[in-house]
Every structure is written in C-alpha cells, then in structure tokens.
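Visitor: I should like a close look at a single part of this model, followed outward into its surroundings. Please state the cut-offs of each term as it arises.

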Amino acid sequence: MSLKIVSEAVPNTFEFETTALIKASGFREYDARWWFGHPGSAEPPELNLIGVQALGMGLGTLIRRLGAGPDIVTGHDFRSYSLAIKLALVSGLMAAGARVRDIGLALSPMAYFAQFALDTPSVAMVTASHNENGWSGVKMGAARPLTFGPEEMSALKAIVLAGDFDLVGGGSYDFVADFRKIYLDDLTRDKRISRKLKVVAACGNGTAGAFAPEALERIGCEVIPLDVELDHRFPNYNPNPEDMKMLHAIRDKVLETGADVGLGFDGDGDRCGVVDNEGNEIFADKVGVMLARDIARLHPGSTFVVDVKSTGLFNTDAALRADGAVTDYWKTGHSYIKRRVAELGAIAGFEKSGHFFFNPPIGRGYDDGLITAIAICEMLDRSPKSSMADLYRDLPLTFGTPTMSPHCADELKYGVVERVVSDFQAMKHDGAIFAGQKIAELITVNGVRVVAEDGTWGLVRASSNKPELVVVVESPVSSERRRQMFEAVDAVLRRSPEVGAYNQTF
C-alpha cells in the first residue's frame, strides 16, 4: 500500500483527510505521544486518524519482525477521541495481519494484565496518561511484562515514516467482553485487610474512576470518592498525582473527612500519589522508601530499583540497610525501570513520578497504580499502631521538591541537556564552587544529577513524553540548601534561551 506520510497538515482540508499526518517527534524514548487536538484548540495537530492507521500498520509489521507473532491486546483510556484512535490503530494492525484482542475501555495496567490473562504477547494501549486533554499516544510492548524502549521505538519510527509495511492481511478482531471484572477479580483475590481504613480515592475524572473505588472497597476499605465520575474534560484538575493541584485537592478531602490516607490515580491508572492522614503530600519517592522498608522486613536482602529523580534515602536509610536492602539508581521512565527490575530480579522498582513496579510475589513486573494502592493499605494493615503520618515521620528528614518542568521544545531539549551536562563536567573538572560547595559527584545515567559535598543534589533531564525539561532538587540538610541548589541549577539552565517557564515550583 502506498501511503503518503506528512509531518504537517491543516485540519478541514483535502490533504488532512487523504494523507497520514505523523510528526516524527511523537515517537519518544519508550512510548508514543502526540498532540491530537480537540474542538476549539488553537495548536495544530501532530497526528490524524490516517496517521494512526499507519502507526498500526507499522506496529503490526514490527511485532512480527521481532518474532512476537501476530497476536496483540488493545485498549483505550477515557478521552473523547481515544476510541476513534484505537479503532484506527486496530484497522492498521489488521492490515498488517495482526490478530487483535480488544479489551475496550481500560487502564494501562489492565492491558498489561491482559497480555498474561489472554496469553497474548504484545500490547498497544491508547492513552495520553496524565497529559492534558488534546494529547494522545500509545504504550506498546512485545515481551511481557516489558514495554518498548528506545531500540524498539526507533525501529517503529523508521518503519512508519518510511512506509515500510508488511501488509500481509489475514488479520482478525475479537472484542473481549467484561474484562474489567476479570482484572478486578485478579487484583483483589486473597487481598483483605483487617484494619478499618478510611481511604480517599481521587481520580481526577480520569479512567481510574471506573476501577479504583471498587478495588479498594473489595479489600475492605471505606472509600471516600473524589472526582471519580468519568469526564474527559477533566473539569477540576488534570489527573496527575505529581500535580500539586491534585495533591492539594486530596489533602483538603482527607482533612475534611478524617481519612487515614488519600490515594490519587493518574489518567490511565498506572501511577498512585499519596497524602497522609494529616494532609501531608508525600512525594512518591518517599512513599517508595516506606514501601521498601515494609517489603524488606518481609523479604530481607531485597533488591530495589529507583530512578535518578528519587531521594537519596534509598541508599542511606538505616532501616533498609539493617534488612540488607540493596538499591540501584537507574534511568527515569516506566520502560527503563520496568526493564531494569526484570534484569536484576528486583522485588520492586520505584519512580518519583509514582510508577511503581512489583515482581512476584506482589505483582507481575508492570506498573499498576491499584497494586500500589493495595500495597500501601497492606503496609498500614501491618502497622496497626502507626498512622500514615507516623510512618512518614519515621523517615529521616530531607527537603525535596516536586517534579518541576520548564518548557523546552522536543526538537531542542536533548541538545540543551547535553550542554548542561558539559557545563557541570567542566565545573567539576575545574573544582569550581557550585551552590556554595564543590561538586562531589555527577551521575549522568539520565541527564545529570549534580551532588554537593553535603549530599544536596539537583537533577536536570529531558522529559520523555512532553516538550519539557525535568528538574528535581533535594537536600538532607535544610530548606535553605534546597533553595540554594535550585537557584544554582536554574542559573545554568538560563544560559540556554530555549528554556521557558516552569509548570510549577516550590
């Protein structure tokens, strides 16, 4: 099939309806993400439905070339355009001979679970995760429980943009009815807490509203719903548990109701954010330390994987050390951490973004916000005399920031990060004073994490799914040192005029 691929096309034109619009930058490090647009949006779209068909043809071609065979699971999140995008993707997959098992409206982890439950090697989940309305994308994999990394994404990009499709035909479509029940049954089987927990379940009007409250009720929680009604306009806040607006809404509901814990889920349900019973918003890396402590007590000598945005406590915490826990710091990104957890046979992996990965006996290796929520409830159940705030206070005190993202165009962000890394390497080589001290260490596995002599650190990396950089700062010393490090890191960033305003600071 001859298919014209273009990087720009204007809606409401002949060209838009007859060519495949796919902006190359939408093929990201470990998934695909494009601005699709919505009625009234001024930004030009980066993808149209014919482009999605071409993506399906390319994905169907790739999974066969990878030796995964033709069978693939599909699902879609709750946005006004997600079903149309999924069906366009399915038509392309079938043209390439794929045998599609469609589970319908789903969470991303529900699609990952379907790979196991339906014995289907590959997955294509249509979701923009926590991105704002108007974004769409696809999370893909061909070797459960892993999702694509840079190598597979580069191969897919090359196939699609070149129109190098193997359109062998013979595809098929099977809709799997009532898979939601199968997923929830598996999720909650043999899970029952004895402690009476009052839990706020916040879903930001995203897909998780159809799943999280019932899952928590099944394990014995009293659930206080917050923004669980599905509404793809996201009228209250974006379903993103790293977003302070969502965390503040959870805090207010926890304090209003006297809940034991507040749990927030992102747009496709693979992440979970936490607010304690006193209204403290606990950043996900600290939640990871609390869960690691709980897991290490049950399984001494456990290995954990965390991303470079995460707190230094995974290496320094005395309780983890006492239980023989070992932690590996790795690249940020759900695909990277998932793969690293599998490689090392780690019992769990934690990302500051709230993607948590549990291997057996807790999970199957993929990220599932509901499994995380259940693990938090079980941790509280095993600590009947401690509140969530007590467990948080028991951690050594550090002063961290939320994830802060200054705007930087997709075409420019990696070049900016390369310059920032070079600047820091030169400063360390010259013994320069940075943020009041010499640089003790540079970790460059993913962007750069610059560590001062007192352990205060700042991270700069390129976002993998949006036109942004990512900045995180933490100090084990004081809030003043945290501020000093942030201002010093930001000063380095401001040498590049391509870097815009932050989405949030502290």
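Visitor: Where in the chain is the place of Glu-453?

Guide: The model is a predicted one, in which local features require pLDDT of at least 70 and side-chain atom pairs count only at pLDDT 80 or more, whereas totals for chains, interfaces and linings use all residues. Residues are numbered from 1 along each chain as its sequence is written, and side-chain values use heavy atoms, with hydrogens and water left out.

Glu-453 lies in the loop between S21 and S22. Here helices (H or I, at least four residues) and strands (E, at least two) are DSSP runs, numbered from the N terminus. With a relative accessible area of 52%, Glu-453 is exposed; the term exposed applies over 50%, buried under 20%, and partly exposed in between, with a 1.4 Å probe and protein chains only. Outside the four nearest places in sequence on either side, Glu-453 is in contact with Gln-437, Lys-438 and Ala-440, contact being heavy atoms within 4.5 Å. Ala-440 is 13 residues from Glu-453 along the chain, and their C-alpha atoms are separated by 5.1 Å.

The loop belongs to a hairpin: S21 and S22 have four residues between them, and Gly-455 in the turn adopts a positive phi of about 90 degrees. Strand S21 (residues 448–452) and S22 run antiparallel and are joined by four bridges; two strands pair if DSSP finds at least two bridges between them. One of the residues of S21, Val-451, has Trp-457 as its bridge partner in S22.

Strand S22 (residues 457–462) continues into a further hairpin, formed with S23 and having six residues between the two strands. S22 and strand S23 (residues 469–475) are again antiparallel, joined by six bridges, and Trp-457 stands opposite Glu-474 in S23. In contrast to the exposed Glu-453, six of the six residues of S22 are buried. Both of its faces are covered, with Trp-457, Leu-459 and Arg-461 on one side and Gly-458, Val-460 and Ala-462 on the other.

A second glutamate in a loop offers a comparison. Glu-242 is found between S10 and helix H8 (244–257), and it counts as buried because its relative accessibility is 17%. Not counting residues up to four places away in sequence, Glu-242 touches Leu-247, Arg-271, Lys-309, Lys-352, Ser-353, Thr-403 and Gln-504.

S10 leads to an open sheet of five strands in the order S10-S9-S11-S12-S13, with mixed pairing. Strand S10 (222–226) and strand S13 (281–282) are its edge strands, each pairing on one side only. Within the sheet, strand S9 (residues 198–202) and strand S11 (residues 261–265) pair in the parallel sense over four bridges, and Ala-201 has Leu-263 in S11 as its bridge partner. H13 packs on this sheet, touching S9, S11 and strand S12 (272–276), and its direction makes about 170 degrees with that of S11. Such angles run from 0 to 180 degrees between N-to-C directions, and the axes are lines fitted to C-alpha atoms, for helices over the stretch in contact.

In soluble globular proteins, nonpolar side chains tend to be buried together. A nonpolar core is a set of buried Ala, Val, Leu, Ile, Met, Phe, Trp, Tyr and Cys residues joined through side-chain atoms within 4.5 Å. The largest such core has 70 residues, and Ile-103, Leu-216, Leu-263, Phe-265 and Phe-350 have the most contacts inside it. Helix H13 (residues 369–381) supplies the largest share of this core, nine residues. Apart from neighbours within four places in sequence, Leu-216 is in contact with Val-199, Ala-201, Cys-221, Val-223, Leu-263, Ala-373 and Cys-377. A second, separate core of 37 residues includes Leu-59, Leu-89, Val-138 and Ile-159.

Ile-159 is one of the buried residues of H5, together with Glu-152, Met-153, Leu-156 and Val-160. These residues cover an arc of only 130 degrees around the axis, which puts them on the same side of H5; the arc is that of the directions from the helix axis to the C-beta atoms. On the other side of H5, Glu-151 and Ala-162 are exposed.
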